[in-house]
Amino acid sequence: MSAVPIFRRVALIGFGLIGGSIARAVRAQGLASEIVTTARSEKTRARVTELGIVDRVLETNAEAVNDADLVILCIPVGACGPVAQEIAPFLKAGAIVSDVGSVKGAIVREMAPHLPGHVHFVPAHPVAGTEHSGPDSGFAELFINRWCILTPPEGTDPMPVETLRAFWAGMGAKVEIMTPDHHDLVLAITSHLPHLIAYTIVGTADELAQVTSSEVIKFSAGGFRDFTRIAASDPTMWRDVFLNNKEAVLEMLGTFNEDLSKLTRAIRRNDGEALFEHFTRTRAIRRGIVEIGQDSAAPDFGRPHPPLEKKAE
Ligand code: NAP
């Protein structure tokens, strides 16, 4: 628990995986004196009340932001513009307004025009998540040792940026600052394209209907299983990511298609050397990710493997 709360009142608009994880981490670390929240549906609001993680669950976005020092939109990217417009008249002077959207250029374009000059707008993207969603899916440790990228628009006051940096660091995240466009380009290749590939491959396998009902599921440990985890991610969130990071994703997809053609050609021409060289390079990249602590070095991502039991004689 931190000695002094960074904010008096934090308002979370939306309480799913990310909003719920922030609430749990803020409470665990004592980063705010009060956490208030709201969600779109009565069902989610009722569930959040039951969970008892926040101080107050409010009916409307306007009520939730009232007198808040930090407001974080934890909702799909496509909903951020309209919600910014809705809350704008109710924001306190000097408040920091942020979000957690996986795309940043569109967030700045959609939210900034609605926000009054007396608040500080500091968009953020915690690069951490799981394939689960909803109020029960969050956990306080989600952001530990994960990056949180802040993308303050040009001319933003540095003080609120530093305050938000301290807030995310308090939840265990490593914080980096970059421009919204650079963020979108980097994330297009590291996150958005891998999701698109997973959605494609799992969809393609499903179309081979007679195979899916038997062999695909049966032999899924052979790599396919890891794609199915990614392809189980929230459809609303990922629809909004692709619609709002169109240019960067299309650019990366162009490069990806060229590289796929090269590998296709190597297979067709029996060019084992080209394949071996490529796979050696990618194996080194995986080692690098493990070395900087962004994933487990345990075989099979640390999945438990039951011991081989000796058969009775
Ligand atoms: P989630 O678990 O599905 O929760 C979404 C929340 O947003 C729910 O409280 C939902 O309310 C509310 N909501 C949905 N549509 C809305 C709308 N049109 N207007 C207002 N509220 C709406 O989603 P999440 O995974 O936390 O993702 C939230 C944000 O975090 C997204 O912008 C996403 O890009 C970003 N993000 C996600 C991940 C990840 O791995 N999931 C990682 C980093 C960043 P109801 O429950 O009442 O419907």
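## Salt bridges

Asp240 pairs with Arg239 in a salt bridge, with 3.0 Å between the closest N and O atoms. The structure in which this pair occurs is a predicted model. The two partners differ in their surroundings: Asp240 is buried, at a relative accessible area of 5%, whereas Arg239 is partly exposed, at 48%. Asp240 counts as buried because its value of 5% falls under the 20% limit.

Across the whole structure, a search finds 17 salt bridges. Side chains of opposite charge can pair when their charged atoms come close. One such bridge joins the side chains of Arg286 and Asp295, at 2.9 Å from N to O. Arg286 is partly exposed, with a relative accessible area of 33%, and Asp295 is likewise counted as partly exposed, at 29% relative accessibility.

## A network around Asp67

Another salt bridge is formed by the side chains of Asp67 and Lys92, at 3.5 Å from N to O. This pair connects distant parts of the chain, 25 residues apart. Asp67 belongs to the loop between α3 (61-65) and β4 (70-73), while Lys92 belongs to the loop between α4 (77-87) and β5 (96-99).

Asp67 has a relative accessibility of 30% and counts as partly exposed; Lys92, at 24%, is also classed as partly exposed. Both residues take part in a network of salt bridges that links them with Arg8 and Asp69.

## A buried charge without a salt bridge

Asp184 is located in helix α7, which covers residues 180-207. The residue is buried, yet has no salt bridge. Its nearest side chain of opposite charge is that of Arg109, 5.9 Å away. That distance is over the 4 Å cut-off, so the two do not count as a salt bridge.

Leaving aside residues up to four places away in sequence, Asp184 touches Val103, Lys104, Gly105, Ala106, Asn245 and Ala248.

## The second largest pocket

The second largest pocket has a volume of about 170 Å³. Two helices, α11 (246-268) and α12 (272-291), each contribute at least two residues to its lining. The largest share, 5 residues, is supplied by α11.

By class, the lining of this pocket comprises 6 charged, 3 nonpolar and 1 polar residues. The residues that line the pocket are Asp259, Lys262, Leu263, Arg265, Ala266, Arg269, Asp271, Ala274, His278 and Arg281.

Conventions:
Residues are numbered from 1 along each chain as its sequence is written. This is a predicted model: local features need pLDDT of at least 70, side-chain atom pairs count only at pLDDT 80 or more; totals for chains, interfaces and linings use all residues. Side-chain values use heavy atoms; hydrogens and water are left out. On a 1 Å grid over the protein atoms alone, a cavity is a set of points where a 1.4 Å probe fits but cannot get out, and a pocket is an open set with protein on both sides within 12 Å along at least five of seven lines; lining residues have an atom within 4 Å of a point. Grid points are joined across faces, edges and corners, and a volume is the space filled by probe spheres set on the points. Helices (H or I, at least four residues) and strands (E, at least two) are DSSP runs, numbered from the N terminus. Ala, Val, Leu, Ile, Met, Phe, Trp, Tyr, Cys and Pro count as nonpolar, Asp, Glu, Lys and Arg as charged, and the others, Gly among them, as polar. Buried means under 20% relative accessible area, exposed over 50%, partly exposed in between (1.4 Å probe, protein chains only). Lys and Arg count as positive and Asp and Glu as negative; His and the chain ends are not counted. Contact means heavy atoms within 4.5 Å.
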